[in-house]
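Reader: Could you walk me through this one? I'd like to ask a few things as we look.

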Amino acid sequence: MTAAGGALIAIESVAKRYVTSSGPVDALDNVSLSVAEGEFCTLIGPSGCGKSTLLGMLGGLVSPDRGRLLVAGGPVTGPDPRRVATVFQDAGLFPWRTALENVEFGLELQGVPAERRRRRAGELLGPLGLGGFAERYPRELSGGMKQRVAIGRALAIDAKILLMDEPFGALDEQTRVLMGEWLLDIWRRTRKTVIFVTHSLHEALFLSTRVAVMTARPGRIKSVLELTMEYPRSMESPEMVALRAKLWSEMREESLRAMQ
Ligand SMILES: Nc1ncnc2c1ncn2[C@@H]1O[C@H](COP(=O)(O)OP(=O)(O)OP(=O)(O)O)[C@@H](O)[C@H]1O
Ligand SMILES: [Mg+2]
């Protein structure tokens with residue numbers, strides 16, 4: 001079931017103010033965005049503009065002060081791991097669990113019997129490029145591998161919606177490009193609805209069906225770019241070069257404002 005207008009996710013006039021000991025911070029102001037099923041929608045915007053706050057709201061971890069968020073037509077009232085899985089910037093793996101046991105975690109919470117969850121997690125490790133690493137602990141894995149385990153943990157519960165908050169932010173550029181290619185492949189095969197946060201123009205343009213540019217804090221949606229080019233995309237095509245320039249000029253303006 002989807003909300004009116006066919007959107008799987010509807011963010012309607014959402015605002016958020018944090019009250020801190022040094023005064024209030026308006027993180028988001030009047031943000032509206034709808035995302036259709038199967039989309040890869042990227043949020044890009046200056047540091048502190050409320051991207052993580054918005055993902056937190058979609059994941060049911062942060063509540064809005066104004067406006068509402070709907071998933072499949074119903075309001076978000078709290079975490080719903082069967083429907084929404086999140087990958088955080090820091091992989092957040094349990095150090096005492098092996099790669100396989102980390103991937104199994106969500107299934108364990110769902111009460112899936114041990115044998116079944118082990119099989120499901122095991123099947124995921126191959127496509128994640130971690131086939132030979134099931135029994136390794138996080139400290140024995142590289143940064144890119146840890147992120148893949150974190151993504152595996154999110155994929156294992158088979159939620160329709162995947163929220164990804166700068167999942168490759170901590171990786172070197174080369175690994176990051178490869179991880180982007182890998183994620184694209186996973187997304188195209190699983191047809192999940194992805195909301196992805198990044199600071200990378202390359203990632204935004206390479207991966208997304210839509211890019212929402214946010215303003216400096218308080219974050220609002222400044223513009224939305226529709227990307228209709230076929231995958232995999234050539235980043236050197238004239239069309240892509242022009243889009244990159246356009247995206248950068250919007251980002252630059254907001255990043256400068258954020259620094260004032
Ligand atoms: N729990 C909190 N308590 C108080 N202020 C907060 C809290 N979480 C976020 N903020 C503030 O709200 C604003 C938005 O933060 P948020 O983390 O959503 O931004 P962001 O766009 O994800 O930034 P970045 O790109 O650096 O990750 C920031 O000014 C931040 O300091
Ligand atoms: Mg953030």
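Reader: What distance separates a backbone N or O atom of G48 from an oxygen atom of ligand 1?

Author: Keep in mind that this is a predicted model. G48 is among the closest of the 15 residues that surround ligand 1. A polar contact needs N or O atoms within 3.5 Å. The G48 backbone atom meets that, sitting from the ligand oxygen at 2.8 Å.

Reader: And how much of ligand 1's accessible area does the protein cover?

Author: Side chains join in too: S52 has an N or O atom 2.9 Å from a ligand oxygen, and R217 has one at 2.8 Å. On its own, ligand 1 has 630 Å² of accessible area, and the share the protein covers is 64%.

Reader: Which element gives the largest share of the shell around ligand 1?

Author: The elements giving two or more residues are β1 (7-20), β2 (23-36) and α1 (51-58). With 3 residues, the largest share comes from α1.

Reader: Now helix α3. How big an arc do its buried residues cover?

Author: The buried ones here are R117, A121, L124 and L125. In an α-helix there are 3.6 residues a turn, so residues three or four places apart point the same way. These buried residues sit on the same side of α3, because the arc they cover around the axis is only 105 degrees.

Reader: Which exposed residues are on the face turned away from that buried side?

Author: The buried residues have cover that includes α2 (99-109) and α4 (143-156). Flip to the face of α3 turned away from them and you'll find the exposed pair, E115 and E123.

Key:
Residues are numbered from 1 along each chain as its sequence is written. Chains are lettered from A and ligands numbered from 1 in the order in which they are written. This is a predicted model: local features need pLDDT of at least 70, side-chain atom pairs count only at pLDDT 80 or more; totals for chains, interfaces and linings use all residues. Side-chain values use heavy atoms; hydrogens and water are left out. Buried means under 20% relative accessible area, exposed over 50%, partly exposed in between (1.4 Å probe, protein chains only). Helices (H or I, at least four residues) and strands (E, at least two) are DSSP runs, numbered from the N terminus. The arc is that of the directions from the helix axis to the C-beta atoms. Contact means heavy atoms within 4.5 Å. A residue is near a molecule or strand if one of its heavy atoms lies within 4 Å of it. A polar contact is a pair of N or O atoms within 3.5 Å; within protein, one must be able to donate a hydrogen and the other to accept it, and residues adjacent in sequence count only if both atoms are side-chain atoms. Accessible areas come from the Shrake-Rupley method with a 1.4 Å probe; for residues, only the protein chains shown count as cover.
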